[in-house]
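Good morning, and thank you for coming. Today I would like to walk through one protein chain with you, from its overall plan down to single residues.

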Amino acid sequence: KQRLQPMSIFAALADPTRRGIVESLARGALSSGEIAERFDISASAISQHLKVLREAQMVRVRAEAQRRIYELDPQGVNELAGWVDELRSYWASKFDALEAELRKPTGKSRKR
């Protein structure tokens, strides 16, 4: 599989129904029918949402007899988690620098 850019994942997750599907799959694999039962939209609309999530590598599908079973795709989830970790480390270093700056003496000690 190709390496994804986090923005394609964010674009896929911008829709609340797709976020709901991902949240449902975070609890375990589901058939497309089980996913459709959780939402108040048509099965074909769910199918389109699942296609977008597959293309963004957030979910993967396998066939079991006549059923399609969906689960989170570790590659897409890891891609997203890696991006968040990079962002978190960037901000952590900025906050560390700010803290160090704030702890420096100001040179304006007050005498009474």
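I shall begin with the chain as a whole and then turn to the strands and to one helix.

Please keep in mind throughout that this is a predicted model. The protein chain contains five helices and three strands. If you follow the sequence from its start, these elements come in the order α-α-β-α-α-β-β-α.

Let us consider how the chain is packed. Of its 112 residues, 27% are buried. The chain exposes about 8100 Å², and 52% of that area is supplied by carbon and sulfur atoms. Now take the contacts between residues at least 6 apart in sequence: 54% of them join residues that are at least 24 apart.

I turn next to the strands. How do strand 2 and strand 3 pair, in the parallel or the antiparallel sense? Strand 2 covers residues 59-64, strand 3 covers residues 67-72, and the two pair in the antiparallel sense, over six bridges. Please find E64 on your screen; opposite this residue stands R67 of strand 3. Two residues lie between the strands of this hairpin, and A65 there takes a positive phi near 55°.

Strand 1 consists of residues 30-31, and S31 belongs to it. Is S31 buried or exposed? The relative accessible area of S31 is 7%, and buried means under 20%, so S31 counts as buried. Leaving aside residues up to four places away in sequence, S31 touches R67, R68 and I69. Of these, R67 is the residue that we have just met opposite E64.

Finally, I would ask you to look at helix 4. This helix runs over residues 43-55, which is 13 residues. From its first C-alpha to its last, helix 4 reaches 18 Å, close to the 18 Å expected at 1.5 Å a residue.

Which residues of helix 4 are buried? They are I46, H49, L50 and L53. These four cover an arc of only 100° around the axis, and therefore they lie on the same side of helix 4. On the other side of the helix, S44 and E55 are exposed. Helix 4 thus shows buried residues on one side and exposed residues on the other. Just after the helix comes Q57, with a positive phi of about 60°.

To close, I would leave you with two pictures: the antiparallel pair of strand 2 and strand 3, and helix 4 with I46, H49, L50 and L53 buried. Thank you for your attention.

Note on methods. Residues are numbered from 1 along each chain as its sequence is written. This is a predicted model: local features need pLDDT of at least 70, side-chain atom pairs count only at pLDDT 80 or more; totals for chains, interfaces and linings use all residues. Side-chain values use heavy atoms; hydrogens and water are left out. Buried means under 20% relative accessible area, exposed over 50%, partly exposed in between (1.4 Å probe, protein chains only). Contact means heavy atoms within 4.5 Å. Accessible areas come from the Shrake-Rupley method with a 1.4 Å probe; for residues, only the protein chains shown count as cover. Two strands pair if DSSP finds at least two bridges between them. The expected span of a helix is 1.5 Å times one less than its number of residues. The arc is that of the directions from the helix axis to the C-beta atoms.
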